[in-house]
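Hi,

Here's the structure I promised to pass on. Have a look at it first, and my notes follow underneath.

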Amino acid sequence: MGDIKNSEYVIEMRNITKVFPGIIANDDITLKLKRGEIHALLGENGAGKSTLMSVLFGLYQPEKGEILKDGEVIKINNPNDANKYGIGMVHQHFKLVDVFSVLDNIILGVEPTRFGFLTKKEARKRVLELSKEYGLNVDPDAMVENITVGMQQRTEILKMLYRNNEILIFDEPTAVLTPQEIDELMEIMRGLAKEGKSILFITHKLNEIMAVADRCSVLRKGKYIGTVDIKDTTKEELSNMMVGRDVKFVVDKEDAKPEDVVLEVKKLCVKSHTHKKNVVNNVSFKVRRGEIVSIAGIDGNGQSELVHAITGLERIDSGTVELVGDDVTHKSIRYKNTHGMSHVPEDRHKHGLVLDYSLEQNIVLQRYFDKEFQSHGFIKFDAVRKYAEDLIEQYDVRSGQGPVTMARSMSGGNQQKAIIAREFDREHDLLIAVQPTRGLDVGAIEYIHKQIVKSRDNGVGVLLVSFELDEVMNLADRILVMYEGEIVGELDPKKTNAQEIGLYMAGAIKNNKAEGDKTNE
Amino acid sequence: MSKKTTPKKNIFDNAGARSAFASLIAILGGFLVGFIVLVLLALFNENIDFFDAVDGFFRILAGPFSAGNKDNILFQLGNMLFNSTPLLLTGLSVAIAFKTGLFNIGAPGQYLMGAMGTLIVAHSIPTTVVPPAIVWIIALLTGILCGAIWGAIPGFFKGVLGVNEVIVCIMTNWIAANIVSWVFKDSVFINVAETKMNFIKKTSANGVSTATFGLDKFFSGSSQYSRSYMDISIFIAIIIAIVIFIILNKTTFGYELKACGYNKNASKYAGMNEKRNIILSMAIAGGLAACGAALWVLNGNQDFKWEVYQSLPSDGFNGIPVALLANSNPIGVVFSSIFLRYINVGGSNLAAQTDFNEYVSQLIIAIIIYFAGFSRYIQEAMIRLRAGRKNKEKEGK
């Protein structure tokens, strides 16, 4: 408070080296954060961003290097120390108590008390002031489990502000947000910086860095590559620094050559578990071989339930699903899996992987009963190992111990790659991919997009569900927009733009007949 | 030996070895604390001094070998191995449930149902018509079937209706206890001898008893009256343990069961019938616990107390510590069950021979189990130690 701030930098991390068994996560990294700037930290999965931030937040102790605040060396032993020095962090997976109200979450750990009793009144006043000052719209009395992801994130930000933190770390904050929420967050971040807060913004989304950051430091495979001023750089240069080679942002693909229908959904309805309305209401569409049909929409408009109904994870209340001309409405998941359906699930931890199984065990999750992998009920371990090794190499799945690595210990990107490898390598006519690139870095996204297009060109019908408009625009041959459980429009990506899709996504335009008419042809 | 020549390999890189080693550390920790307890007891008892405590400790450690002469040792060994059988199988029952993500606290009930089924069949089929060996087999299988059905009930509630298996297991335990008491009350199966009215007739009364191949004679004292209970049932149990190990680790069936235990949703996604697998897991667990009971009563010399509505058989519950100590490894269960019986025998000897009472050995077992709870922590510590050493090796180079 009022001391001489004799350094241009509010935080300096000098020559940080952090070693984990078998891997150097941070190798001599220097990061300097100016007061009042938004400083992006860019890098692929496993580049060492999170480790570096965990060092700053006191979760890890570096083997070498020092941290300076306002030019003075400080020692951060734990998150409490970090908090003492005004460092706060919004984690990628929020650290909120679901059954507490927003206000309770904000004051948790620094509860104002008088004679041992909570005095929430003042806290509430302060929270409301802060939320007004920074445009962080929250309802302090709502239960966290009932509010949107965006509001949960704003609660996390308020938590930092309430603790008077002046160095704010955002760990991949946009991964869970809708396009609109991302815009709001960008606005909030600009506001915070204007008020003198210094922001470290961890991400691998280049658009966001270009939109909001002042400077950007790039890490690659644990090493420091450089720091650039955003106004002097381009997306291409940044991605080149990050990946070490040129990355194409637009997927190269030729026009689709749709052939026969592989998936036909007719008047599909799924009832909600919580309310009377159908979460999926009278949905009909077709997917043909050689085309990518993409379902766009804001998360929570029935996309997940639609996919679950098609794949068999959820019960269908009415309507039919046909897979390559075969009515599979009431067939088992195993039947669908073995009759041409591949499914990259939305939630890789819940559905995609058995985390306590090894990588190779996960690779054969739907194929362990194949003649190739078992005889008389006994698993052929050699065959499984060989198959897993093949896929690991072919799809570049990286892990500590190869096929025997526990899935739980792998990075999110590589877990996803393992699922992609498994689903793409299975014989299939229809590929259903839900958020296939969620949480992945540019290099991996490019790779997965290429694979999807390749599948399409090999005559697979692709149903892609994505909440990322860029991905939809890039990959789709046809776009269906879902809003409140219904398909409200069918668009041609060549003839539309993000604004128009956005209007459909928000329910501003409805064109219910778009698909219905076609199926009745 | 070839493995040792490569410098990077280390026995503790193997998860199984780590797990076994962690159990050993737990046992040592239990002994250490148990010894301290003995010394403390000695301090407060005028009849016992420090050296008695040391002596007592070694009596417990020696298990049946503290029995004195060779005959007694053999006799106690025989009974120890026989009494390990039900414990081994209930341990296996709990272990396989653990491995598939379930907590089978219903082993006592499954045990009782198994005993009931076996006893009724063993006494009802006249051995004058059917050869005793055949009756023995039918009785054993009936017992296993009864237990499997009893285990499948909590499995059904868990798998289909989502009810926590612990609650249903506890309820089925008491239901089983009451059913068994009710079925046997005033029945023809009760031993008519005045002093034995609380018990069911021994199966040997109908000529049905497990083959011994002279083992009972081998494990016996010099007097012809003190023949031990030893029969082949412990070997049957060990074979079952090996079979379960193979099923869990080598077969597609075991792969499915474990997958459902670890992640029900992913198993469903992969097209497995996760509901059926949960029911099957519990049925197998129930069958195993019941098999333990069946082998115990089929010995032919055991009195089964039928009035059980107030107390559940301890062998059912003791399957839980057996499984814990073995880290739910079926092969480990063989060792942990025999080990716990071994300490038990040592404790009885301690009580019989000294001024200590036998609860001390129970206390030590409890402490060992308590330490077994740390086994995961011990394993992680080993991984960390190992990783640290590897790093040093690297830096050294």
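Let's begin with a distance inside chain A: the centres of domain 1 and domain 3 of that chain, taken over C-alpha atoms, are 35 Å apart. Bear in mind that this is a predicted model. To place those domains in the sequence, domain 1 of chain A covers 9-243, domain 2 takes 249-340 + 428-521, and domain 3 is 353-426.

Next, some strands in chain A. Strand β1 (residues 9-20) runs antiparallel to strand β4 (residues 64-69), and 5 bridges join them. If you want a spot to click on, A:R14 has A:E66 in β4(A) as its bridge partner. β4(A) also pairs with strand β5 (residues 72-74) of chain A, again antiparallel, through 3 bridges. There you'll find A:I67 opposite A:I74 of β5(A). β4(A) and β5(A) make a hairpin with 2 residues between them, and A:D70 in that turn has a positive phi of about 50 degrees.

Further along chain A there's an open sheet of 4 strands, ordered β14-β13-β16-β17, with antiparallel pairing. Its edge strands, β14 (278-288) and β17 (326-327) of chain A, each pair on one side only. Inside that order, strand β13 (residues 261-271) and strand β16 (residues 318-323) of chain A share 5 bridges in the antiparallel sense. A:K266 stands opposite A:T320 of β16(A). As a general reminder, strands of a sheet pair through backbone hydrogen bonds, either parallel or antiparallel.

Now for the two chains together. How many residues of chain B are in contact with chain A? There are 22 of them, and they meet 29 residues of chain A. The area buried between chain B and chain A comes to about 2,200 Å², with carbon and sulfur atoms giving 60% of that. B:T252, B:Y255 and B:Y269 supply 36% of what chain B buries against chain A, more than any other three residues.

What about polar links? The rule finds 0 salt bridges across the interface of chain B and chain A, but 17 residue pairs there are in polar contact, both residues at pLDDT 80 or more. On the side of chain B that touches chain A, at least two residues come from each of α9 (233-250), α10 (252-262), α11 (264-269) and α16 (375-396). α10(B) gives the most to that side, with 7 residues. By class, the side of chain B touching chain A has 9 nonpolar, 8 polar and 5 charged residues.

Cheers

Note on methods. Residues numbered from 1 in each chain as written. Chains lettered and ligands numbered in written order. Predicted model: local features only at pLDDT ≥ 70, side-chain atom pairs only at ≥ 80, totals over all residues. Heavy atoms only, no water. Contact = heavy atoms within 4.5 Å. Buried area = accessible area lost by both parts, 1.4 Å probe. Salt bridge = Lys/Arg side-chain N within 4 Å of Asp/Glu carboxyl O. Polar contact = N/O pair within 3.5 Å; in protein donor to acceptor, adjacent residues only side chain to side chain. Nonpolar A, V, L, I, M, F, W, Y, C, P; charged D, E, K, R; others polar. Domains from an automatic or database assignment. Pairing = 2+ DSSP bridges.
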